[in-house]
Amino acid sequence: MKLFLLLFLTAFRVAFVGDPQVDDSTELGFARASVFAELLERKDLDLVVIMGDLVNEKTELLPACFGILDSLPCPWVRVQGNHDGKAIPADSSFIAGGIRFVLLNREDSPLPRTRAGEKTVFCSHYPFGAVADSSSNCLYVSAHLHTVFREMKGGAQHLGVGASCGTWWRGIPDRHGIPYALMNCGARRGYFVAQFFPKRRRNWFRLEYKVIGENESVQGKAFVNDSSLVINLFGGAPFGSLEVRTPRGWRKAERLEAIDPEVQGLIELNRNTPRELKKRNRRAYIPMLRRNSPHLWELPLEELAGKDGEKRQKAGAAPDSGGRQATEKRQADCALPAIGDRIRIRYRDASMRVKCEVEVQK
């Protein structure tokens, strides 16, 4: 009985890492100091899957990438990306941790038949279109778009893991000297870790999004506009439910179809920046598209007011001194959130659970 419970509860942990896409030795240094360094330190992974575009056409950098990945404390595999050169390996499959993994290396690779009752993870650099098996026994994982998304097609979940290079290693350097490289969906550079439970009939995998260089509690961000609190939960899905802790208790936020506010700010900045200046500062310039983020929620500001309806703190005001204690007291006294405040949220869907605080950004 104990052995059965151990098999039922034991998870096989896999990191799905999209698009390191290094273009030169500088960008290889960025990857080495960030995503590769983090993976090298992780002792909790059983497998790493590189979801294509290790390099950006510079195939002479592949041996250096392979050398780093060969030093990981767990096995690793990869699928071919559209920037990984013309030597395309054959498609393959294997079983690990009781799960069948199918590695597809071409955009038009045929999907092999699934076996009855077998849990199968299809991995391709390219997002999947129509699939023959849309049952809940399948998970379809892709990269390529440099955006994080999760969607259901039939009973199968399709996971877009984003890009570990973000927006091609562009943007102002962070405190570690790595370009900020925000993705167009508003998510920070990261990757997904999946826990697989092959003995379960339902809910046989759990997902978590990991922001590179941050601890596991960094899962999203928040903004305040004239009428609502906007939350971007990086790994969230349209079919999930997000709630915000307010002075009145937990309140359900509604899905928002909009451009991420931080991305919108970058779009405006790019529009107002002279072309020559952007050329001279190419590395700092983040090109952005006007596309809605698939993981935004909003809560009306009136929901954040205290029981007496008081709204003492104006949105956008600087947080007062005293740190977290002052923030918690201000929220308890029914103040509206200010820049730097931390908002408690909880999120759930069939394959993800998140409880965290998100910081209100400008």
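The legends below describe close-up views of a predicted model, beginning with the whole chain and moving on to its sheets, rings and loops.

In this predicted model, local features need pLDDT of at least 70 and side-chain atom pairs count only at pLDDT 80 or more, whereas totals for chains, interfaces and linings use all residues. Residues are numbered from 1 along each chain as its sequence is written, and side-chain values use heavy atoms, with hydrogens and water left out.

**View 1. The whole chain, with its secondary structure and burial.** The chain has seven helices and 19 strands, where helices (H or I, at least four residues) and strands (E, at least two) are DSSP runs numbered from the N terminus. Of its 362 residues, 50% count as buried, a term that stands for under 20% relative accessible area, with exposed meaning over 50% and partly exposed in between (1.4 Å probe, protein chains only). The accessible surface comes to about 17,200 Å², and 51% of this surface belongs to carbon and sulfur atoms; the areas come from the Shrake-Rupley method with a 1.4 Å probe, and for residues only the protein chains shown count as cover. Among contacts in the chain with a separation of 6 or more, 61% are made by residues 24 or more positions apart, a contact being heavy atoms within 4.5 Å.

**View 2. The five-stranded open sheet and its strand 2.** The strand order of this sheet is 3-2-1-10-11, with mixed pairing, and two strands are said to pair if DSSP finds at least two bridges between them. Strand 3 (76–78) and strand 11 (205–211) are the edge strands, each pairing on one side only. On average, neighbouring strands of this sheet are turned by 20° against each other, direction ignored; the axes are lines fitted to C-alpha atoms, for helices over the stretch in contact, and angles run from 0 to 180 degrees between N-to-C directions. Strand 1 (residues 12–17) pairs with strand 2 (residues 47–50) in the parallel sense over four bridges, and within this pairing Val14 stands opposite Leu47 while Val17 stands opposite Ile50. Strand 2 also runs parallel to strand 3, to which three bridges join it, and here the bridge partner of Val48 is Trp76 in strand 3. In a regular strand the side chains alternate between the two faces of the sheet. Both faces of strand 2 are covered, with Leu47 and Val49 buried on one side and Val48 and Ile50 buried on the other.

**View 3. The six-stranded open sheet and its edge at strand 4.** This sheet has the order 4-5-6-7-9-8, again with mixed pairing. Its edge strands are strand 4 (92–96) and strand 8 (148–153), each of which pairs on one side only. The twist from one strand to the next averages 20°. Strand 4 pairs with strand 5 (residues 99–104) in the antiparallel sense over five bridges, and Ser92 stands opposite Leu103 of strand 5.

**View 4. Aromatic rings, as a pair and as a cluster.** A search of the whole structure finds 14 aromatic pairs; rings of Phe, Tyr and Trp (its six-membered ring) pair if their centres lie within 6.5 Å, with planes under 30 degrees apart counted as stacked, over 60 as edge-to-face and the rest as tilted. One of these pairs, Trp297 with Tyr347, is edge-to-face at 5.7 Å centre to centre, with 70° between the planes. Trp297 lies in strand 17 (residues 296–300) and Tyr347 in strand 18 (residues 342–349), so this pair ties together parts that are 50 residues apart in sequence. Trp297 is buried at 1% relative accessibility, and Tyr347 is buried at 3%. Phe12, Phe16, Phe94, Phe101, Phe196, Trp204 and Phe205 form one aromatic cluster.

**View 5. Two loop residues with positive phi.** Most residues other than glycine have a negative phi. Gln21, although not a glycine, has a positive phi of about 45°; this residue is placed in the loop between strand 1 and helix 2 (25–33), and it is buried, with a relative accessible area of 3%. Asn203 likewise has a positive phi of about 45° without being a glycine, and lies in the loop between strand 10 (190–196) and strand 11. At 38% relative accessibility, Asn203 counts as partly exposed.

**View 6. Two cysteines in a structure without disulfides.** The structure holds zero disulfides, a disulfide being a pair of cysteine sulfur atoms within 2.5 Å. Cys74 is buried at 10% relative accessibility, and Cys123 is buried at 0%.
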